[in-house]
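I set out to record, entry by entry, what I looked up in this structure. The entries follow the order in which I took up the topics.

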Amino acid sequence: QVQLVESGGGLVQAGGSLRLSCAASGRTFGGVAMGWFRQAPGKEREFVAAISWSGVSPTYADSVKGRFTISRDNAKNTVYLQMNSLKPEDTAVYYCAAKFSGRYYASQSWASYGYDYWGQGTQVIVSS
């Protein structure tokens with residue numbers, strides 16, 4: 001049973017920073033790509049960032065490029081999302097996801113249907 005547990009969310013003022021973590025357990029994560037998605041109230045879930053097993057060439061949504069950084073520590077089975085220069089529009093529940101099946105293509109990393117397991121989410125609120 002794969003478990004993904006997010007942490008690090010909270011309330012922050014605009015311009016501030018947060019670092020989200022996603023700890024994975026229950027299965028070997030060798031070769032597994034990971035992603036971060038978010039869902040704001042009344043909106044559909046949207047892609048934020050993704051990273052391959054090797055960590056080379058992570059991908060980002062245009063809305064977060066230059067502000068967010070995805071990284072991973074494979075020894076700890078943990079993926080991170082460093083969020084800087086936060087804006088009120090970044091307010092959402094943030095989910096991490098793991099892709100076990102199929103080959104990972106960075107060009108398709110935005111597609112939520114490509115991920116097999118999801119965490120329960122962590123709330124991020126950015127006040128203006």
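**Entry 1. Aromatic pairs**

How many aromatic pairs does the structure hold? I note that the model is predicted, and that the count of aromatic pairs in the structure is seven.

I looked up phenylalanine 37 and tyrosine 115 from this set. Their ring centres lie 5.3 Å apart and their planes stand at 80°, so I recorded the pair as edge-to-face. The pair links distant parts of the chain: phenylalanine 37 belongs to strand E4 (residues 33-39), tyrosine 115 to the loop between E9 and E10, and 78 residues separate them. I then checked exposure. Phenylalanine 37 has 1% relative accessibility and counts as buried. Tyrosine 115, at 6% relative accessibility, is also counted as buried, because the cut-off for that class is under 20%.

I turned next to phenylalanine 100 and tyrosine 117. The ring centres are 5.4 Å apart and the planes are at 85°, so this pair is edge-to-face. Phenylalanine 100 is in the loop between E9 and E10 and tyrosine 117 is in strand E10, 17 residues apart, and the pair is noted as linking distant parts of the chain. Are the two residues buried, partly exposed or exposed? Phenylalanine 100 counts as buried at 18% relative accessibility, whereas tyrosine 117 is partly exposed, with a relative accessible area of 30%.

I also asked which residues form one aromatic cluster. The members are Phe37, Phe47, Tyr115 and Trp118.

**Entry 2. Charges over rings**

I looked up where the charged end of an arginine sits over a ring. For arginine 19, the ring is that of tyrosine 80, and the charged end sits 4.0 Å from the ring centre. For arginine 45, the ring is that of tyrosine 95, with the charged end 4.0 Å from its centre.

**Entry 3. The disulfide**

Which cysteines form a disulfide? I found cysteine 22 and cysteine 96, with their sulfur atoms 1.9 Å apart. The count of disulfides comes to one. The torsion about the S-S bond is about 40°, so I entered the disulfide as right-handed. Cysteine 22 lies in strand E3 (residues 18-25) and cysteine 96 in strand E9, so the pair ties together parts 74 residues apart in sequence. I found cysteine 22 buried, its relative accessible area being 1%. Cysteine 96 is buried with a relative accessible area of 0%.

**Entry 4. The cavity**

I searched the whole structure for cavities of 30 Å³ or more and found one. The space in the largest cavity is about 60 Å³. Which residues line the largest cavity? I listed Ala24, Phe29, Met34, Trp53, Arg72, Asp73, Asn74, Asn77, Thr78 and Val79. Strand E7 (68-73) and strand E8 (78-83) are the elements that give two or more residues to this lining. By class, I entered five nonpolar, three polar and two charged residues for the lining.

I took two distances to residues of this lining. From threonine 78 to alanine 106, C-alpha to C-alpha, is 19 Å in space, and the two are 28 residues apart in sequence. Alanine 106 is placed in the loop between strand E9 (92-99) and strand E10 (117-118), and it is partly exposed, with a relative accessible area of 33%. From alanine 24 to leucine 86, C-alpha to C-alpha, is 26 Å in space, with their positions 62 residues apart in sequence. Leucine 86 lies in the loop between E8 and E9 and is buried, at a relative accessible area of 2%.

**Entry 5. Positive phi**

Most residues other than glycine have a negative phi. I therefore noted two serines with a positive value, the cut-off for exposed being over 50% in what follows. Serine 57 is not a glycine, yet its phi is positive, at about 50°. Serine 57 is found in the loop between strand E5 (46-51) and strand E6 (59-60) and counts as exposed, at 52% relative accessibility. Serine 85 has a phi near 50°, again a positive value in a residue other than glycine. The place of serine 85 is in the loop between E8 and E9, and serine 85 is partly exposed, with a relative accessible area of 41%.

Conventions: Residues are numbered from 1 along each chain as its sequence is written. This is a predicted model: local features need pLDDT of at least 70, side-chain atom pairs count only at pLDDT 80 or more; totals for chains, interfaces and linings use all residues. Side-chain values use heavy atoms; hydrogens and water are left out. Helices (H or I, at least four residues) and strands (E, at least two) are DSSP runs, numbered from the N terminus. Buried means under 20% relative accessible area, exposed over 50%, partly exposed in between (1.4 Å probe, protein chains only). On a 1 Å grid over the protein atoms alone, a cavity is a set of points where a 1.4 Å probe fits but cannot get out, and a pocket is an open set with protein on both sides within 12 Å along at least five of seven lines; lining residues have an atom within 4 Å of a point. Grid points are joined across faces, edges and corners, and a volume is the space filled by probe spheres set on the points. Ala, Val, Leu, Ile, Met, Phe, Trp, Tyr, Cys and Pro count as nonpolar, Asp, Glu, Lys and Arg as charged, and the others, Gly among them, as polar. Rings of Phe, Tyr and Trp (its six-membered ring) pair if their centres lie within 6.5 Å; planes under 30 degrees apart count as stacked, over 60 as edge-to-face and the rest as tilted. A charge sits over a ring if NZ of Lys or CZ of Arg is within 6 Å of the ring centre and within 35 degrees of the ring normal. A disulfide is a pair of cysteine sulfur atoms within 2.5 Å.
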